[in-house]
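Grab your viewer and a pencil. Here are some exercises to work through with the model open beside you.

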Amino acid sequence: MKILAVETSCDETAAAVVEDGRRILSNVVSSQAEIHARYGGVVPEVASRHHIENIAPVVSRAMADSGLGYADMDAIAVTQGPGLVGCLLVGLQCAKGIAFVHGKPLVPVHHIAGHIEAPFLAHPDREIPLPALALVVSGGHTNLFEVPRRGEYMLLGRTRDDAAGEAYDKVAKLLGLGYPGGPVVDRLAKGANDRVVDFTIAKVKDGRPDFSFSGLKTAVLYHVRREGIAPVTDPANVPGEIRDLLASFQRAVVTALLRRMREVAVARRPASLLLTGGVAANSRLRADAAVVAAELGLPLFVPPIALSTDNAAMIAAAAHVAFARGARAGFDLNADPHLAL
Ligand code: KG4
Ligand code: ZN
């Protein structure tokens, strides 16, 4: 079973061909990050225009890399939501066109289902014990899901305000470090003192295992103002004071994420842990999550960075599972920026 998937929910134009939900035949990602860097974040209108320019070459390249033709595909999958509506529509129209012309079924995919399926795609030779507890951390989402069976996702907790990746991006922007913030903060925090500022995040305390990161962003802003810290002008020469600040910020984010994951794991007793989404690329989060998993005696599955950040291979993998469960869409399929999972 071969699926061509298209993903355009944010600022990556991506297409991939995956066989049986586990063998990646091609995986093409064209990132617009450099274009949006000058604005300090993704500009929706600009992103959708670039998707229109990129989509045909990206899909053609994914097909060429796979060595297969459209006739060999069993289904065409596409991210229906959540995401930026103008961006989603570009992928949707492309996938519909291919499905229509080649007479293939169209499979709608939830972007987060794609992130959750990424660890399964990344470990095709290992049986991931279920139920799994998945921490999905990206620029748009911070969620805890239970995965009782393949293709079933139960939302246990989510952020009340900013996503973890959004916090990274906003703090990086505040300090003149560009977009996306995660990778640069990750790099600058390495070897810095993470105890210089205490940014401890208060827990959301009303019974739900939710997250909150907007207070942290404000705490960083007040600290920067109080200490008169100027934004970075020379990225090659970032002052130690800022690196310590970033390390302290990162410690607060990682601690808050893993504290919740641990609590929920203790309460729900899953058989494995999954860590996925763009922020799962973070070196400290990966390292600390491995410690938590070892303490809990649970296997931890984390996709490699290329499958953690947005890509279409994960969408094809999720489509494989959804297709087997009967997911199909008509040509009236519409983008849903707030699609629930
Ligand atoms: O999953 P993703 O590619 O797109 C969304 O669905 O949002 O995640 C992008 C987010 C951005 O906020 C980016 O700053 C963050 O992932 N990110 C990281 C790292 N690499 C990417 N955050 C922390 N550390 C990283 N190494
Ligand atoms: Zn994503």
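Below are short tasks, each with a solution worked in steps.

Before you start: this is a predicted model, in which local features need pLDDT of at least 70 and side-chain atom pairs count only at pLDDT 80 or more, while totals for chains, interfaces and linings use all residues. Residues are numbered from 1 along each chain as its sequence is written, chains are lettered from A and ligands numbered from 1 in the order in which they are written, and side-chain values use heavy atoms, with hydrogens and water left out.

**Exercise 1. The zinc site**

Work out which residues are the protein donors of the zinc ion (ligand 2), and how they are spaced in sequence.

Solution.
- Step 1: look for donors, meaning N, O and S atoms within 2.8 Å of the metal (3.2 Å for Na, K and Ca); water is not among the atoms, so sites may look incomplete. From the protein you should find H111 (NE2), H115 (NE2) and D310 (OD), at 2.0 to 2.1 Å from the zinc ion (ligand 2).
- Step 2: write the spacing as H-x3-H-x194-D.
- Step 3: put the two histidines on helix α4 (residues 111-122); H111 and H115 sit 4 residues apart there, so about one helical turn separates them. Helices here are DSSP runs of H or I with at least four residues, strands are runs of E with at least two, and both are numbered from the N terminus.
- Step 4: check accessibility, where buried means under 20% relative accessible area, exposed over 50%, and partly exposed in between (1.4 Å probe, protein chains only). H111 and H115 are both buried.
- Step 5: judge the geometry. Four donors count as tetrahedral if all angles lie between 85 and 135 degrees; four count as square planar and six as octahedral if opposite donors are over 155 degrees apart and all others between 65 and 115; anything else is irregular. The 4 donor atoms of the zinc ion (ligand 2) make angles of 94 to 144°, so the site is irregular.

**Exercise 2. A helix by the numbers**

Test whether the span of helix α11 (residues 313-324) agrees with its number of residues, then decide how enclosed the helix is.

Solution.
- Step 1: the expected span is 1.5 Å times one less than the number of residues. For the 12 residues of α11 that gives 16 Å, and the end C-alpha atoms are 17 Å apart, which agrees.
- Step 2: 10 of the 12 residues are buried, so α11 is largely enclosed by the rest of the structure. Among the buried ones are M314, I315, V321 and F323.
- Step 3: look just past the helix, where G326 follows with a positive phi near 100°.

**Exercise 3. A hairpin and its turn**

Find how strands β2 (residues 12-19) and β3 (residues 23-31) pair, and which residue between them takes a positive phi.

Solution.
- Step 1: two strands pair if DSSP finds at least two bridges between them. β2 and β3 run antiparallel over 8 bridges, with A14 opposite V29 in β3.
- Step 2: the hairpin has 3 residues between its strands, and D20 takes a positive phi near 55°. D20 isn't a glycine, and it is partly exposed at 40% relative accessible area.

**Exercise 4. The open sheet**

Trace the strand order of the sheet of 5 strands and find what lies across it.

Solution.
- Step 1: the order is β8-β7-β6-β9-β10, with mixed pairing.
- Step 2: β8 (154-158) and β10 (300-301) are the edge strands, each pairing on one side only.
- Step 3: β7 (residues 142-147) pairs antiparallel with β8 over 4 bridges, and L144 has G157 as its bridge partner.
- Step 4: helix α8 (residues 240-268) lies across β6 (132-137), β7, β8 and β9 (272-276), at about 160° to β6. Such angles run from 0 to 180 degrees between N-to-C directions, with axes fitted to C-alpha atoms, for helices over the stretch in contact; contact means heavy atoms within 4.5 Å.

**Exercise 5. Loop residues**

Compile backbone and accessibility notes for R269, T8, P131 and P180.

Solution.
- Step 1: R269, between α8 and β9, has a positive phi near 45° and counts as exposed at 69%.
- Step 2: T8, between β1 (2-7) and β2, is buried at 1%. Its contacts beyond four places in sequence include H51 and C87.
- Step 3: the L130 to P131 peptide bond is cis, with omega near 0°; the one joining Y179 and P180 is also cis, with omega about -5°.
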